[in-house]
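Student: I'd like to take a close look at one part of this protein. Could you walk me through it and then show me how it sits in the rest of the chain?

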Amino acid sequence: MMSIFTMVGSLPLFFWHALLFAGASNRPKGWSDEAGLFPWQTWGPYRPNLYFGVRPQIAETLLMGLMWASGDNQSRMLKTLRDTCEQDDDIQGYGWTLYDTRVGGSQTIHDKDLHIDLSTSFLKTEDGKSWTVHVTGTPRLDAPHDVRTTVIFHTAVEKADSNGPKTLTCTRRDEKLVTQKNAEATCYGEVSALGFFEFDVIGDSQNNVVHYASVKSLNVSEDKIWQAKSVFIDQIKTRDGNRDESPIIDDEPGAGNLHYIQMTFDGPFTLTFTYREPGGISLYHDEVRKGLDTLQSTFSVTMNKTFPRTSPFEHDKYTAFSQALLSNLFGGLGFFHGDSRVDYSHAPEYNETDLDFWEKAAAAMARAPITTTTPTSLISYTPSRPFFPRGFLWDEGFHLLPVIEWDLDLAITVLRSWLNLMDEDGWIAREQILGPEARSKVPEKFQIQYPHYANPPTLSLLFPVILSKLTGESAYYGHPSVYLSSPHRTSEVLSELYRLLSRHYRWFRRTQAGNFSAAYPRPDGTISGEGYRWRGRTPMHTLTSGLDDYPRANPPHPAELHIDALAWVGASAQALRQMAAYLGEDADTAVYEKHLAAVKHNLDVLHWDTVEQNYCDATIVDGSYARVCHQGYNSLFPFLLGLMDADHPNLPHVLNFISDPTKVLSPYGLRSLSALDPYYGTDENYWRGAVWMNLNVLAVLRLRDTALQGRIGGEKADPIQTTALSLATELRVRLINTVFNSWEQTGFFWEQYNDKTGEGSHGRAFTGWTAYVVLLMSLDLDGNSGNSRRRAGLGAGLGFYWMPTPGFLAFVGCVVSAVVFRRRLALLLSRAVNSWRVWLQNWEPGQG
């Protein structure tokens, strides 16, 4: 049966326009609740693999993207066509100079080869019904006077042949049906999950137009929907031969599931793509300019409150730097939907019990059947738009720590999205390669996921931080949060997250358990069963650990134990213990307390080497227990994850190691592997010496925590705490300067930094956990100041110390001791105190 939308599709546009915008939105009621979304989350540049691409956080709906190229001729256009972010495009720099997920922002792209600087300014409405992108092209200083650029918008509907109405029709300027002023093209359609919608491409009267809009409407197979660039190239190459040198696609507007709107300009140009649904407002050039002016001022204010820069980084030159760090992290948020490739064979070789287990596991993988799963969806930040434009479990915990401070509701949405990928057993695939578009960026041998493979459970770092915000233990200066204003929703979400993390924790302990059978010796005093090893080991790699080529025991052994795996279990137990205690799960609290104590005990018994004076992996050599010491990041995990108190007997040795320039301390941060290790700088040299920001920032935060632990009211620090504070201060400055200087020189943030030169290396435009450095910009290392207490929330999930006043403790204690509604009353009280604190800190003389 023909849908109403299909019938009106053939009517003149003014009839369609009247029908579309005559009343309220026809988007299905309750859609946002069912999807777990807030309306402002609906639309965004959630296609981070493109230089600019928009979609909703709703699967199988509408896609939009931007391409551009030289407009000189066909051959030059085909060679320079830009669409997906690439490592080897001759782009001098690109990224968001300003971006807030709730509002929008501006991105700049410096295309050196095409002599043009592009700006994409995106703005959306809070109700999720309207959005626009304003594209400007400005010739660079070295541009020839006749620089010519062709711009192509591409838009598509996914799964157009599925149940429910899905149609899209495009018209162009000279068809009299176009009603908007200066509109070069208008498209309108209906998708069941969105309802009716319309969008226009609008030019500017100042444009020097070489070719007005050419609209090409196509019906392509579903596997081509995401391949807009290749389809466009095929269309250019296969058209009539008499237009061989024209860079313009054939003009054939109409109905279809993939559409191109192309224009060509000499010199500077401006184009606006504006979308709206029934009840939405029209966002044109003036509205975009006003909206972005407002965002600029509000962003700066929120930035200064949430991440106030402290000495020595107050200078104005760090303003754009810190905003770019945060904005590019936010701009890397993507919505992904599709199937995965999983090996569900559960081959016995995957238990890795034989001495040559990696060879037998490889043989089993080669013959295992691969399952293509049903499609799933994920909202995730991405490490790098050109190189890693997908979700990584190991990275996401670091991504979300700054996001919590800026937008608690958004952080919780992303965290829920990740945890809801978990299967009934508790497994989450460590790399989310959802659908053919994501797979196109991954070598085939790495596409298959294995349910016995783990990854560092960095999401556990988030739970204490979130809890500290929801209870008011640490201040929150970000966007208004529905969770902070609704005790009922707070209780629901905490219970949900706790249940999911508990399941994942049990899965990790079970699948990554070490071998404690009588077949292999263990040191005296070991608590049996509390030791772990990463499955998926080979002689050269432990990809599942996140540290890839970091050296370990060689050859691998089925009875080896990994220090970092045990430390991650401890960090998770610590987080779950806090959550269980808050939720009143007394039995669970006792279990996690027991697990945590066992982890701390075995860290010292199993992994501390008295000769090397450091933590090390362990293996079996000639039937005897032996520690394998490759000192570097792996040695530091007990400290980094908050499992060593300030009075721990091994802490002085750990601090000596951190401060030793012949080992891990470089002028640019902590090296991943000691410079004295025989594997330093060898082979792939990925985690064998380079400086990585995620673990360096953890080190600074933990050093600060150690320096302040137990100090009340200005008490004098002991020598260990003085050393920790000095290291935190020095390392903080080195890290920020390393990232800032490289960004200033190259226009990019990088995946890692050379420990000898400070130069960025490997993935460029790596604004995932490198953006974690923004937490250091605002770090106050004076433990006696009021600001230090105010910033305590930055490290709450890392064991950061917060000391409330005695009066506050007594008052809250009275409330918490109540039997009836004790948690709700405590939550309301803490929020009231926190709100008063925020008001007081923002109060100025003359205010009412």
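Which residues does L695 touch, not counting residues up to four places away in sequence?

Tutor: Happy to! Keep in mind that this is a predicted model. Beyond its sequence neighbours up to four places away, L695 touches W394, F398, L547, Y633, F637, L640 and W687. One of these partners, W687, shares a further role with L695: together with F321, they are the residues with the most contacts inside the largest nonpolar core. That core has 196 residues, and helix α15, spanning residues 563-583, gives it the largest share, 13 residues. Apart from this core lies another one, made of 19 residues, with L78, A156, V220 and F232 among them. As a general background, nonpolar side chains in soluble globular proteins tend to be buried together.

Now let's step back to the whole chain. The protein chain has 24 helices and 30 strands. Of its 848 residues, 61% are buried. Its contacts also reach far along the sequence: among those with a separation of 6 or more, 71% join residues 24 or more positions apart. On the outside, the chain exposes about 31,700 Å², and carbon and sulfur atoms supply 53% of that area.

Next, the empty space inside. Five cavities of 30 Å³ or more are found in the structure, and the largest cavity holds about 70 Å³ of space. Its lining consists of 13 residues, with P539, P551, R552, N554 and R688 lying nearest the centre. By character, the lining of this largest cavity divides into five nonpolar, four polar and four charged residues.

One of those lining residues leads us to the backbone. N554 is joined to P555 by a cis peptide bond, with omega near 10 degrees. P555 sits in the loop between α14 (487-511) and α15, and α15 is the helix that contributes the largest share of the core we began with. A cis peptide bond also runs from S311 to P312, where omega is near 5 degrees. P312 has its place in the loop between α6 (285-306) and α7 (317-331).

Two aspartates deserve a look for their backbone angles as well. D622, although not a glycine, has a positive phi of about 50 degrees. You can find D622 in the loop between β25 (617-621) and β26 (624-628), and D622 counts as exposed because its relative accessible area is 79%. D683 likewise has a positive phi of about 50 degrees without being a glycine. The loop that holds D683 runs between β28 (669-670) and α19 (693-708). With 57% relative accessibility, D683 is also exposed, because exposed means over 50%.

For a contrast with those loop positions, turn to T149, which belongs to strand β8 (residues 148-157). T149 counts as buried because its relative accessibility is 1%, and buried means under 20%. Leaving aside neighbours within four places in sequence, T149 is in contact with W68, A69, G71, I116, M263, T264, F265 and F269.

To return to your starting point, try displaying L695 with W687 and F321, the residues with the most contacts inside the largest core. Then add the other partners of L695, including W394, F398 and Y633.

How values were computed: Residues are numbered from 1 along each chain as its sequence is written. This is a predicted model: local features need pLDDT of at least 70, side-chain atom pairs count only at pLDDT 80 or more; totals for chains, interfaces and linings use all residues. Side-chain values use heavy atoms; hydrogens and water are left out. A nonpolar core is a set of buried Ala, Val, Leu, Ile, Met, Phe, Trp, Tyr and Cys residues joined through side-chain atoms within 4.5 Å. Buried means under 20% relative accessible area, exposed over 50%, partly exposed in between (1.4 Å probe, protein chains only). Helices (H or I, at least four residues) and strands (E, at least two) are DSSP runs, numbered from the N terminus. Contact means heavy atoms within 4.5 Å. Accessible areas come from the Shrake-Rupley method with a 1.4 Å probe; for residues, only the protein chains shown count as cover. On a 1 Å grid over the protein atoms alone, a cavity is a set of points where a 1.4 Å probe fits but cannot get out, and a pocket is an open set with protein on both sides within 12 Å along at least five of seven lines; lining residues have an atom within 4 Å of a point. Grid points are joined across faces, edges and corners, and a volume is the space filled by probe spheres set on the points. Ala, Val, Leu, Ile, Met, Phe, Trp, Tyr, Cys and Pro count as nonpolar, Asp, Glu, Lys and Arg as charged, and the others, Gly among them, as polar.
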